[in-house]
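This report describes one protein chain and pays special attention to its charged side chains. Look at the sequence and the structure first, then read on.

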Amino acid sequence: MHPWTANEDSRLSLWLHVREFAVPASMIEAATARRTVGDWAGACAAARVDVDLNPRAAARTHGQEIAARLRADLRHLAPDLLRWHMPRIAPDGLLRPGLTISLARYQQTGGDGVHLVARTPPAWADAGQRISLALWDPARSSAGHGPHPHPRPDRRFRLDLHRHLWDARRTGELRVRAGTDGPPADGHPGPDPEVPLARDCAVNRWAAEAGILLRAQGRAVGTVAVRLGARKRLLIELSTDPVALGHSTSRITAASGSTGHDSTLPVLPDAATWVLPDLALLRAGLVEADRLHPLVASALVPGRPQADERRARDGGADPRLIECGGSQHRIGLVDGQLVPLDHDPAEIRREELLAALGGTPMPCLRAIDEAHRHPEDLVDIRARLDHGDIDGALGAVEGLLGPGALLRGGALRDALEMAARGRIAHGLFRAGLAGDGKGPATRTGPRPRDRRAHPRHATSR
């Protein structure tokens, strides 16, 4: 276990990487444009969210009232914001695989509630980092849900009590729910001194969030479990204080024995357990508000000047300087291809012929060949591919090599080919043609050794 300083630095670095690559500005702009004109399906398509539900079919199965509530939620769903706040895992900050997350619950008269859920594919089929929306009915839980390994909503990873993380009508609540405002501990004492806590625990909000969880179950007091790791659990005990005129008091203790593993205890949602990553990044001075999702930035930093768009990364259009023949030469894009700018065509043809015969080409041609095989921006291109931003990755390649470039054998071409194979694997998973959970590994970069198909302990927390 790392000391908290190293762990905190690692967590902030991971979320900084996620905020740069996981939800590009182009996705946010496209999804927002479709959502604001009422095209919720178009917004989902722009945010790479597959829709596996039909409101008309829901009306026939569950009634008009539930279908009306579902339609209202879909109209106000910000799928790019949902992707922004989805649970992620270390070391790459990818979506937590094989997960079913409840977004909303529609209570039925005389029956259990129907859930609007978001699902992530298993790790072997996660190329493209796509999310799917579906309805889950516990009364029909035995019915087929396709090849998804865990169709039932997860008790720990749930957003039905955190609508401000996906519902555009509720994003103003983020500032309060993240603990930006309010007293240091929301009027409740902290944990016992012997209870060890990580610095990124949102302990100041635990009592309030535990109260929200218990009230959703029709209770005002009780015990809530907090999962901080594979074998580390705490208990929050809320009780009514008669001296304080019925106000609740809380006590945080370490779970002993099997108490923390009691499946009958409600579990504090993961979204309420940890400090909001965006808030931690802002406090550490690692990001500015205009680098965040606009709905998040407007909630955490109200009154900030509105920017037209998040600042884009610098392009690679300017010529690059190469030491060649004792002087500085330039290579740049001409007619859609990367070429030497300070050599005449006859000299270039001679050098290319020399290289074809096994000779050593001039430095300008070597630099161009290296750019095709292993460019300096390969790490960023791989990160975009890992997070499913195919358009962004191809745009970076075209900005570097030109749209007319023919890729040569090397690490760049391997990464693009592996991304293409991964998309095929995801398509097979979606079609139910490879749902045995034993699909091929499709990561576009090198995988850490002994990485689990369904990581249990390697979380971003």
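D160 is buried, with a relative accessible area of 16%. The model in view is a predicted one. R158 is also counted as buried, at 19% relative accessible area. The side chains of D160 and R158 form a salt bridge, with N and O 2.8 Å apart. Both figures can be checked against the cut-off: a residue is called buried when its relative accessible area is under 20%. D160 at 16% therefore falls on the buried side, and R158 at 19% does so too.

**Salt bridges in the chain**

Why can such pairs form? Side chains of opposite charge can pair when their charged atoms come close. The count of salt bridges in this model comes to 21. Another of them joins E209 and R177, whose closest N and O atoms are 2.8 Å apart. This pair links distant parts of the chain: E209 belongs to helix α8 (residues 203-216), R177 belongs to helix α7 (residues 174-177), and the two are 32 residues apart. E209 is buried, with a relative accessible area of 4%, and R177 also counts as buried, at 16%.

Salt bridges that share partners join D50, D52, R130 and R430 into one network. Within it, R430 forms a salt bridge with D52, and their closest N and O atoms lie 2.8 Å apart. R430 sits in helix α16 (residues 411-430), while D52 sits in the loop between β1 (49-51) and α4 (55-62); 378 residues separate them, so the pair links distant parts of the chain. R430 is partly exposed, at 35% relative accessible area. D52 is partly exposed as well, at 39%.

The table lists the three pairs described here.

| Salt bridge | Closest N to O distance | Relative accessible areas |
|---|---|---|
| D160 and R158 | 2.8 Å | D160 16%, R158 19% |
| E209 and R177 | 2.8 Å | E209 4%, R177 16% |
| R430 and D52 | 2.8 Å | R430 35%, D52 39% |

**A buried arginine without a salt bridge**

Which side chain of opposite charge is nearest to R119, and how far away is it? It is D52, at 6.1 Å, and R119 is buried yet has no salt bridge. A salt bridge needs the nitrogen within 4 Å of a carboxyl oxygen, so a distance of 6.1 Å does not qualify. R119 lies in strand β5 (residues 114-119). The side chain of R119 has other partners: a polar contact of 3.1 Å joins it to the side chain of T100, and it reaches the backbone oxygen of P151 at 2.8 Å.

**Strands and helices**

The chain has 16 helices and 12 strands. Strand β7 (residues 222-227) and strand β8 (residues 233-240) run antiparallel and are joined by six bridges. A hairpin of five residues connects β7 to β8, and G222 stands opposite L238 in β8.

In helix α14 (residues 378-386), the buried residues are L378, I381, A383, R384, L385 and D386. Just after α14, G388 takes a positive phi of about 85°.

**The chain as a whole**

The chain has 461 residues, of which 45% count as buried. Its exposed area is about 22,700 Å², and carbon and sulfur atoms supply 51% of that. Among contacts with a separation of 6 or more, 64% come from residues 24 or more positions apart.

Methods
Residues numbered from 1 in each chain as written. Predicted model: local features only at pLDDT ≥ 70, side-chain atom pairs only at ≥ 80, totals over all residues. Heavy atoms only, no water. Helix = DSSP H or I, 4+ residues; strand = E, 2+ residues; numbered from the N terminus. Buried < 20%, exposed > 50% of the residue type's maximum accessible area, 1.4 Å probe, protein only. Lys, Arg positive; Asp, Glu negative; His and termini not counted. Polar contact = N/O pair within 3.5 Å; in protein donor to acceptor, adjacent residues only side chain to side chain. Pairing = 2+ DSSP bridges. Contact = heavy atoms within 4.5 Å. Areas by Shrake-Rupley, 256 points an atom, 1.4 Å probe, with all protein chains shown as cover.
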